[in-house]
Every structure is written in structure tokens, then in C-alpha cells.
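Here is a short report on one structure. Keep the sequence and the 3D view at hand as you read.

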Amino acid sequence: MTTTDTIETRLLQALSVEPSADGLRWLDQRIAQVAARPVAIPRRGLSTLRLFLRPLALLAAFILLTGAVAGGLGLLDQLFESSGMPGWRVAWDRAERLDLAQTDTGITITLERAYADLNQVLVGFTVEGLEAAPVSGHGEPYPIEWTADLRDPAGRLAQEWATSGTGTAITDPNLSAVGNFWEGAVTPVAGTWVLTFTSVGFNAGGFVSGECTVGATDPACVSPPPSAMVDGTWRFEFELPAPAGTVVTPNVSVTQGQATLTLTQLRITPTMITAGIALRVAGGTVADWGPAIGLGPWAPQTISIRRDGTEYATNSSTHVTQDPDAQGPYGDVNEFMTIAGADVATGTWEFEFSELRYRASIYDPIEGEGIHLVGPWTLTVAVP
Amino acid sequence: MRATLVEKELGSPAQSEAERLNPSEFGLLYERHRLSVYRYLRARTHSDADALDLTAETFERAFTGLHRFRLRDGGVQAWLLRIARNAAIDAHRRHRPTVDLAGADAQLGRVAVEADRRDQASVEILDLVGRLPSDQQDALLLRYAGGLTAREIGFVIGKREDAVQKQIERGLAALREAF
């Protein structure tokens with residue numbers, strides 16, 4: 001079967017529809033919440049949930065750039081403008097301008113801007129000199145990929161403090177623009193950050209997306225495009241001011257039935273609100289937990305973060321205490337993150353869960369989706 | 001050595017684990033397949049909202065049923081599209097009393113009615129696809145909206161690869177003749 005046939009081409013074009021931006025945002029958030037349910041295998045320290053947002057940014061950016069070639073900074077501006085993430089936009093707008101370039105193996109990485117607050121670090125950079133991105137089995141170019149180590153002013157690698165990481169990127173024929181975020185408890189001091197890239201490129205696995213299974217005979221599966229990742233060293237040092245934000249550790253609790261929720265930490269920054277919340281069940285073990293999700297479209301959310309009546313949408317969470325034996329007195333801790341932040345921390349913050357699910361063991365099967373608890377639980381803390 | 005979808009998505013796990021999907025990697029699985037699932041469901045529903053709803057339902061079902069995935073059943077994308085197809089059929093059954101349709105086949109052509117983002121050629125070809133026999137529609141949608149091979153489609157709809165290939169070719173021939 002060929003895909004060069006006119007009818008096939010027309011059919012492909014007719015069926016190549018994109019969801020609306022609002023709908024896609026809803027879908028991403030919904031699936032992020034689904035994936036935050038208790039699962040049979042504990043999540044990794046570096047959550048992949050935030051990766052849900054990358055396709056949205058890519059999609060929007062490609063739409064904006066149709067027929068236009070923009071410079072590096074303009075490309076990054078458009079990337080953040082179209083991300084649908086208010087916090088990311090704030091980070092980009094307030095980032096320090098660096099304009100540092102390094103070239104290795106014919107590839108130039110330019111560090112355009114960097115930003116840090118007490119919730120996350122952003123580095124915006126561009127990549128020039130890569131071969132054109134190979135095209136996947138679906139006719140779409142592979143996204144750019146990169147490997148980088150970030151060391152903070154205290155000398156800690158990101159793996160030591162970041163609970164999750166994500167990136168958003170866009171590629172045109174000559175230039176790629178990337179926003180790389182590290183999320184977690186950022187060191188609260190000004191100083192020198194060191195960022196070292198060790199590879200960059202496309203199609204890290206030499207893999208044809210979506211088409212290939214064992215025994216597949218399509219030529220693209222038999223001879224997939226080779227990995228186009230390029231190894232090298234691109235090292236940058238840059239100064240950032242002391243990260244903005246407020247951290248409080250209220251340890252306020254609320255009990256409903258056998259379940260007690262405790263707000264262990266609250267990080268309020270201009271780009272994100274992060275709430276560390278622990279679940280303890282009397283007479284039981286909590287190995288993993290999350291807000292319960294309703295079925296069907298536009299289902300009511302079962303978690304709400306608000307301050308003085310203003311709602312802050314959450315889009316991901318990270319499981320902090322992976323080992324039940326290492327839990328503190330408040331139980332199993334998740335960090336819930338919002339897509340927007342606040343410049344001012346003062347006010348009365350409320351965190352409400354209407355329903356929860358938890359598993360007593362990480363080895364419990366998935367099909368039951370854990371133990372269902374009905375609340376509500378409302379945690380309230382006044383930040384002076 | 002040729003990489004498989006599962007190997008790529010799960011970061012080249014040990015051979016003994018390659019036939020299982022890891023819940024911690026669900027985000028990557030969703031990221032890779034959401035558009036093809038959406039496109040397939042968009043072609044089977046009346047609206048963007050319905051397609052998004054069913055796409056969400058598909059990935060919810062997939063997440064809760066990760067342990068049921070077996071590589072030998074056609075691979076990840078075929079598995080997801082089988083779930084999506086079942087979700088679409090279930091939704092059609094649920095909505096039957098309130099939707100004026102002669103059958104599931106009639107849904108397809110309705111996509112063309114929403115011509116806001118499509119050119120006339122797309123409207124016409126989708127109208128034509130909507131008039132094909134249901135097995136040909138199924139095969140064409142799974143191939144051109146879902147991005148599956150004939151062999152993978154066979155796993156989804158329970159037919160042999162050569163039978164699927166014939167349905168695709170017959171469907172395309174009918175479209176060529178009518179277009």
C-alpha cells in the first residue's frame with residue numbers, strides 16, 4: 001500500500017484535524033489527573049506528568065509559525081506566549097537576559113534567558129546547526145531532545161532537589177527553541193548556576209513512532225531512521241538573583257472519617273503554587289494516593305486550590321515519599337502544582353479535596369483503582 | 001536491531017519486561033498517541049467535544065487496564081485504538097435514543113458538516129467515506145486517522161491482515177470511483 005495516491009493523500013488531509021486549544025488543555029489536565037491516581041508501580045522521582053503540556057505548546061507554536069521564520073528570541077517569545085501556561089509566561093518575562101553561546105561539533109547552543117524562584121528554574125535556549133528533524137511514521141517531525149545537568153549555587157545537581165522536570169520546544173528548519181524547567185524546592189540563595197549540555201538532537205531512539213510492532217514489515221519499521229542525537233559539551237555559567245517566593249510549613253490537618261490530610265508545606269512564587277499534602281489513614285498504610293476522578297466530559301474537579309475566592313488550577317502532582325517506611329508522622333506526601341503563581345503570598349489559602357483514592361500497598365492491583373474515600377477535606381492556612 | 005514501540009516508550013527495558021507497560025511512563029504513552037486516538041475518534045463523532053471526551057475515556061480505560069496490555073496483541077497503538085473503538089461504540093449505544101442516526105456508519109459523514117476548518121475537498125471525501133460499508137470505513141479510519149498498519153488493524157477488529165488490506169483497497173477504489 002502506498003500513501004502517495006491522490007485519494008489517500010486527500011483522506012489523510014481530511015482526517016488530520018487538531019483539537020481546539022481549550023479542548024486540548026482540558027484533555028491534558030484530565031489525563032494528568034488520571035495518571036496521578038494510585039498505580040501499581042511507584043512513580044519515579046522525576047515525574048513525567050508535566051510532559052503532557054509539551055505537545056500543547058508545540059502545537060500552538062507551530063500554528064503561529066506557519067509560513068514565518070523567526071529569530072531565536074522571537075521564537076522563544078512565541079513559544080511561551082502560546083504555551084497556555086501563565087506561570088511559564090511570567091518566568092520568561094522576568095528571566096535574566098544572558099545571551100551566552102557555545103559551539104561544539106558544529107552545533108551552537110545559545111542560552112537566551114534564565115529564571116529561578118522558590119518553585120522552579122527556567123532556562124530558555126536555542127539550538128542551531130542540527131540536521132533537519134527526521135519525520136515520523138505519522139508524517140510529523142520528531143521533537144528536539146536534549147540532555148543537560150544543572151548545578152545550583154549550593155553545588156547541588158538538579159537530581160538532588162528537583163521533583164519533576166519538563167520542557168517545551170519548537171523547531172523550524174534552521175533553529176530550535178527550548179524552554180527547560182526544573183521543579184522543586186529551589187535553593188533560596190543568589191549565585192552562580194552551571195548548566196552543561198551533553199547531547200542534543202532528534203530521534204534519540206532511532207525509532208519510527210506509532211507504526212512498528214514486532215513482526216511489522218513496513219520499510220520504515222525494518223529500516224528506521226538512525227538516531228540523530230549529537231554528543232558534545234556545551235557548558236554555561238550564569239548568575240541569578242535570590243529566588244523570589246514565600247515558603248511556609250503550616251502542618252495544619254483536617255480529618256474526615258479515618259483519613260487525615262495535612263498541609264505540610266506551601267511554596268508561593270510568581271510562577272507556581274506548590275502544596276505538600278500528606279495523607280494518613282487510621283489503622284492503615286498509605287503507599288500512594290491522589291484525588292479521585294469522575295468519569296465523563298467536564299467532570300467536576302476533586303481538588304481545589306484557592307486564595308480569597310480566586311481559584312488556582314492544578315495540572316500535576318509529584319509523589320514525594322516513595323517508600324512507605326520512610327514516611328513522616330503525617331503520612332504519604334504528594335506535591336500539587338498549579339499552572340499560575342502569585343506575587344503576593346498573603347491571604348487565606350484553602351485546599352479542598354472532595355474525594356480521594358489510595359492504595360495500601362504499591363503491589364496492589366490497578367483494576368480496583370485503590371480505596372475510595374469521600375470527603376470533603378478542606379485545609380485552610382492564613383499567610384500573614 | 002529494530003526498535004519496537006514498547007522498547008522506545010519504556011526506555012529499552014529488559015527483554016522480560018518489554019511486553020508490559022509501566023504506569024510511571026503513562027505520560028509518555030499519552031503524549032505519543034493522543035493525536036492519533038483523537039483523530040480516529042474525531043472521525044467517529046459529531047463534535048470536537050465528543051471526540052475529546054472519548055479520547056479522555058480511552059486513556060482512562062488504558063490507564064486502569066495497563067496490566068492487560070500484551071505486546072503480542074498488536075502493539076501499543078493498536079491496543080489504544082481498540083479501546084478507542086470500543087469507547088466509540090459504547091458511546092453510540094448510550095446516545096442512540098437522542099441522536100438521529102441510522103447507525104454508527106452515519107456518524108462519519110457528519111464530520112464533514114462541520115466545515116469550519118476544512119476545505120471542500122475534505123468535506124466531500126468524508127461524506128463519501130461515510131457512505132462506505134462499515135467494515136471499509138473502519139479499516140480506512142484506523143489506517144488514515146489512527147495511523148495503523150493493516151496487520152495492526154487486524155488486531156483491532158479481529159480480522160486477518162490480508163482481509164483488512166482488501167477492505168482498505170476496496171474502500172479506496174470506491175472513493176476513487178466516486179470522487
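## A buried strand and its sheet

Strand E3 (residues 120–128) of chain A pairs with E6(A) in the antiparallel sense, over nine bridges. Strands (E, at least two residues) and helices (H or I, at least four residues) are DSSP runs, numbered from the N terminus. Two strands pair if DSSP finds at least two bridges between them.

This is a predicted model: local features need pLDDT of at least 70, side-chain atom pairs count only at pLDDT 80 or more, and totals for chains, interfaces and linings use all residues. Residues are numbered from 1 along each chain as its sequence is written, while chains are lettered from A and ligands numbered from 1 in the order in which they are written.

Now look at what stands opposite what. Leu122(A) faces Phe181(A) in E6(A). E6(A) also pairs with E5(A): strand E6 covers residues 175–184 of chain A, and the pairing is antiparallel over nine bridges. Here Ile170(A) has Ala177(A) in E6(A) as its bridge partner. Thr171(A) stands opposite Ser176(A) in E6(A). A hairpin of three residues joins E5(A) to E6(A).

How many of the 10 residues of E6(A) are buried? Nine are, so E6(A) is largely enclosed by the rest of the structure. A residue is buried if 20 or more other C-beta atoms lie within 10 Å of its own, exposed if 12 or fewer, and partly exposed in between; C-beta atoms are placed from the backbone.

Step back to the whole sheet. Five strands of chain A form an open sheet in the order E1-E2-E3-E6-E5, with antiparallel pairing. Strand E1 (96–104) and strand E5 (162–171) of chain A are at the edges, each with a single partner strand, so one side of each has no neighbour in the sheet. On average, neighbouring strands of this sheet are turned by 20 degrees against each other, direction ignored. Axes are lines fitted to C-alpha atoms, for helices over the stretch in contact, and angles run from 0 to 180 degrees between N-to-C directions.

## A sheet of three strands

Chain A also has an open sheet of three strands, in the order E4-E7-E8, with antiparallel pairing. Its edge strands are strand E4 (144–151) and strand E8 (228–240) of chain A, each paired on one side only. Eight bridges join E4(A) to strand E7 (residues 191–202) of chain A, and the two run antiparallel. Gly201(A) in E7(A) is the bridge partner of Glu145(A).

## Chain A in numbers

Chain A holds seven helices and 19 strands. Of its 384 residues, 46% are buried. Take the contacts in chain A between residues at least 6 apart in sequence: 69% join residues at least 24 apart. Two residues are in contact if their C-beta atoms, placed from the backbone, lie within 7 Å.

## Unusual backbone spots

Two residues other than glycine have a positive phi in this table.

| Residue | Phi | Place |
|---|---|---|
| Asp99(A) | near 55 degrees | strand E1 of chain A |
| Asp308(A) | near 45 degrees | loop between strand E14 (303–307) and strand E15 (310–312) of chain A |

Are these residues buried or exposed? Asp99(A) counts as exposed, with 10 C-beta neighbours inside 10 Å. Asp308(A) is exposed too, with 9 other C-beta atoms within 10 Å. Elsewhere, a cis peptide bond joins Gly375(A) and Pro376(A), with omega about 15 degrees. Pro376(A) lies in strand E19 (residues 371–383) of chain A.

## Cores and crossing helices

A nonpolar core is a set of buried Ala, Val, Leu, Ile, Met, Phe, Trp, Tyr and Cys residues joined through C-beta atoms within 7 Å. The largest has 55 residues; among those that touch the most other members are Ile31(A), Tyr40(B) and Leu81(B). A second, separate core of 44 residues includes Val90(A), Trp92(A), Leu150(A) and Val186(A).

In chain B, the axes of helix H7 (residues 134–144) and helix H9 (residues 161–178) come within 8 Å and cross at roughly 95 degrees. That makes H7(B) roughly perpendicular to H9(B); angles of 65 to 115 degrees count as roughly perpendicular. Residues making the contact include Ala139(B) of H7(B) and Ile168(B) of H9(B).

Terms used. Parallel < 35°, antiparallel > 145°, perpendicular 65-115°, else oblique.
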